[in-house]
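Thank you all for coming; I would like to walk you through one model this morning, taking it a piece at a time. Please have the structure open in front of you as I speak.

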Amino acid sequence: MNTIIEFKSIVKTYDMGGAEEVLALRGINLTIDRNEYVAIMGPSGSGKSTLMNIIGCLDTPTSGLYQFNGLNVSEMNDNELAKIRNKEIGFVFQTFNLLARSDSLHNVELPLIYAGVPAAERRRRAKETLGQVGLGDRTHHKPNELSGGQRQRVAVARALVTRPSIILADEPTGNLDSRTGEEIMMLFEELHRMGNTIILVTHEADIAEHAHRTVRLRDGMIESDEPVKKRKTYAAAKVS
Amino acid sequence: MHILTELKEGLAIAFRAIRANKLRSVLTTLGIVIGIVSVTLMATGIEGIDRAFNKSAAAFGTDVMYVEKWPWISMDDWATMRNRPDMKIQYAAAIERQVPLIDAVAPVMTSFSRRRVSYGDRSTENVLITGTTSDYVQASGNSELEGRFFSPEESSGGRPVCVLGATIAENLFVRGDPIGKTIRVAGRPYTVLGVFEKQGGMFGEFTSDTRIYIPISAFQNQFGMHQYLTINVRVIDRSKAEDAKLEIEGVMRKARNLAPGKPNDFSINQQEILTEFFSKQTLIIAIIGMFITSLSLFVGGIGIMNIMFVSVTERTKEIGIRKAIGAKRRAILMQFLLESASLCLIGGLIGLLVAFPLSLIVDQVLPTSMPMSIVGIAILISLVVGIISGFLPAYRAAKMDPVEALRYE
C-alpha cells in the first residue's frame, strides 16, 4: 500500500458565532503517496492552513473522509490524534516553534519523551538526528544561541527523530534569509532522496518549485494539481 | 513506562518554570508558607494543651477512685444533688471490709473555708486543711514526699502532726528544713513530719501543693464533723477498676439503704472523667483552631491557582507546540499539576522550616514540641492543596485546541 494520505470530499466550516459560517474547505479530494514531495500553494484565505492542520491531524474535518495510512483519522478522538501526530507526522513551522528554555538536544528529544522512549535511547537518537542535519556540535545550545537557519535545522531534526511517515513543513523558509532558506530546501531535498514523504505548504513559487508536484488551492477548493515541470534541484546537495 | 517518562519530563519542566520566575514563585509560595506555619503552630499549641492536661490529670492517679457527694463534672441538676446526704467516715471502713479488689482506702476531709498557717513571723493565708488517715499515701498514689507521713498511731491518736504541700513549705520556710519544726494551723501547733513533692499542673487547688495534711481526728476536733468528705479508694489492679467500681457502688448503696431502681445519691469520680471531658474540649478547640488556620492555607491555595492560570496563559504557545509534537492531554495535565504541586511542596517545606524555631518559642510558654506526625501531615496537605488548586488551570491547558494554541503569540 503506497498511499499515505487520502482525502475524500473533505469539508471544513468554521462557526463564527451566530448564523455565520465560513466555508474554509469545500470538498477536497486528494491522494498523496509514499515518498512524494508535494507543495501546497495558494494565496492567504485559500484554505491552505486549514488543509495543513487537517493533514497534520491538529484539526478534524467537519465532513468527509480522511484516511492516514489506511486509518480513519476523521473519527479519531484527541488522544488518538496526538498519537498519530507523535508517531507519524513531523512538523516544521515557519517560526520554528522550539522550546526557548530547552537546549537543542532536549527539543529534539521531546517527541520521543511523549512516545515513551527510554532516556538513553532517546539521547542517542536525538544526537544522531542532530548530526544528520549538521548540528552535531550544537547539542547544548539554546534556541537564542543559534542562528535562524540553525534553529530551523533543530526543528527539522525534531520532526525527523521519530521517523515519521510524513514531514509537514509550513512556510519553512518564511523567517529565513534567502541563502539560509536555500540551505533548508537542500536539506529537504536530501531527506526526500532518502525516502521521506514531504508536504510543503508555501505561497512562494520558487520554494514550491523544489517539490515534484504542486497542489494549488483557491477559495477552499483545489484549483490545480500537477507535476512540477521545471524542478529546481541541487545536484550537489549533500547533507553535511 | 510512558507515564514515568512523562512524569520525569513534567518535573523537569516544573522546576525550570519555577526557576525562570523566581520572584513570582517566591511570592506565590508565601501564601502556602504562611498557611503551613499557622497550621503547624496550631497543632503544636494543641499538643501543648493536651500534654499540660495529661500531666495535671496524672496527679489524680489512674487507679484511684474518689467516692464523694459531688461529681467532678456534671450535666445534671444541681438542686437535686444538693439534697444528697453527706458522706460518712464509716463508709471507708465498710468499703475496705467488703471490697476485695482494693489496695487501700482513706477518708479525706477538707475544710470548706481556707485557713491561715504560720511559722514564726511568716504566714500564709488561704490554705486548705485536709484531715486524713495514715493510709492516705497508699490510697492516693501520691507517695513522693520528703520526711514521712503520719503513722497509724499518730493518725488514730489525733496527734498534732502535719505534712505540708510543696507550695506551703516554700512560703513558710524560705531557708532551712521544715521537718521537725512546729507550725500553727489556724492557731493550733502542729509538728511537720514531711513535705510532698511539687505536683504542679493546671488543677492547682486539687493537688497537694497548697494543702496541709493532718490526722483526721485532730481535724474533726479542730474544725468539726461537718466538712467535705471524700473517700479515696485505690484499686489493686487497674484493669479491674470497673469491677471494683461496681463493688464500691454496691457497698455504698447498701450503706445508704437505697432501694433498687433509685439513682445513686453519691458519686464515684475518677481521673478518666476529667480526661474524657477534657479531651472532648481539646477536640473542639482543635477543630475550631484547625479550621481557622486552614483558612490561611485556603487563601494560599487560591494564590497558587491564580498564578497557575497566568502560567498556563503565558505558555499557551508552548502547550500548542507540545501538543503538535504528540503530547496527550494527560501529559499536559500532569505537567501543570506537577508544577503547582511542586510549588506547594516547596512552600510546605519552607513553612516547616519556619515553624520549627517558632514552636520552640511556643515551648517556652506552653511546654510542647512539634508533633512528628504534623510534619508528614503538612507535607501531605501542601501536596493536596497544590493538586487541587492546580487542577482547574491544568485542565484548561490540557483541553486547549492545538491549532489555536499554536497561533497564540
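Let me begin with helix α2 of chain B, which has a kink of about 30° centred on B:L30, and please keep in mind throughout that this is a predicted model. That helix covers residues 22-58, 37 residues in total, and from its first C-alpha to its last it reaches 52 Å, which is close to the 54 Å expected at 1.5 Å a residue.

Staying with chain B, the chain is divided into domain 1, made up of 2-56 + 277-407, and domain 2, which is 85-265. The centres of domain 1 and domain 2 of chain B, taken over C-alpha atoms, are separated by 56 Å.

Turning now to where the chains meet, 19 residues of chain A are in contact with 18 residues of chain B. On the side of chain A that touches chain B, α2 (78-88) and α3 of chain A each supply at least two residues, and the largest share, six residues, comes from α2(A). By character, the residues on that side of chain A divide into nine nonpolar, five polar and five charged.

Finally, how much of helix α5 of chain A, residues 148-160, is covered? Eleven of its 13 residues are buried, so to speak of α5(A) as mostly covered is fair; among the buried ones are A:R151, A:R153 and A:R158, together with A:V154 and A:L160. What covers the buried residues of α5(A) includes two strands, β6 (89-92) and β7 (166-170), and the helices α3 (104-115), α4 (119-132) and α6 (178-193), which belong to chain A as well.

Conventions:
Residues are numbered from 1 along each chain as its sequence is written. Chains are lettered from A and ligands numbered from 1 in the order in which they are written. This is a predicted model: local features need pLDDT of at least 70, side-chain atom pairs count only at pLDDT 80 or more; totals for chains, interfaces and linings use all residues. A residue is buried if 20 or more other C-beta atoms lie within 10 Å of its own, exposed if 12 or fewer, and partly exposed in between; C-beta atoms are placed from the backbone. Helices (H or I, at least four residues) and strands (E, at least two) are DSSP runs, numbered from the N terminus. Two residues are in contact if their C-beta atoms, placed from the backbone, lie within 7 Å. Domain bounds come from an automatic or database domain assignment. The expected span of a helix is 1.5 Å times one less than its number of residues. The bend at a residue is the angle between axes fitted to the seven residues ending there and the seven starting there. Ala, Val, Leu, Ile, Met, Phe, Trp, Tyr, Cys and Pro count as nonpolar, Asp, Glu, Lys and Arg as charged, and the others, Gly among them, as polar.
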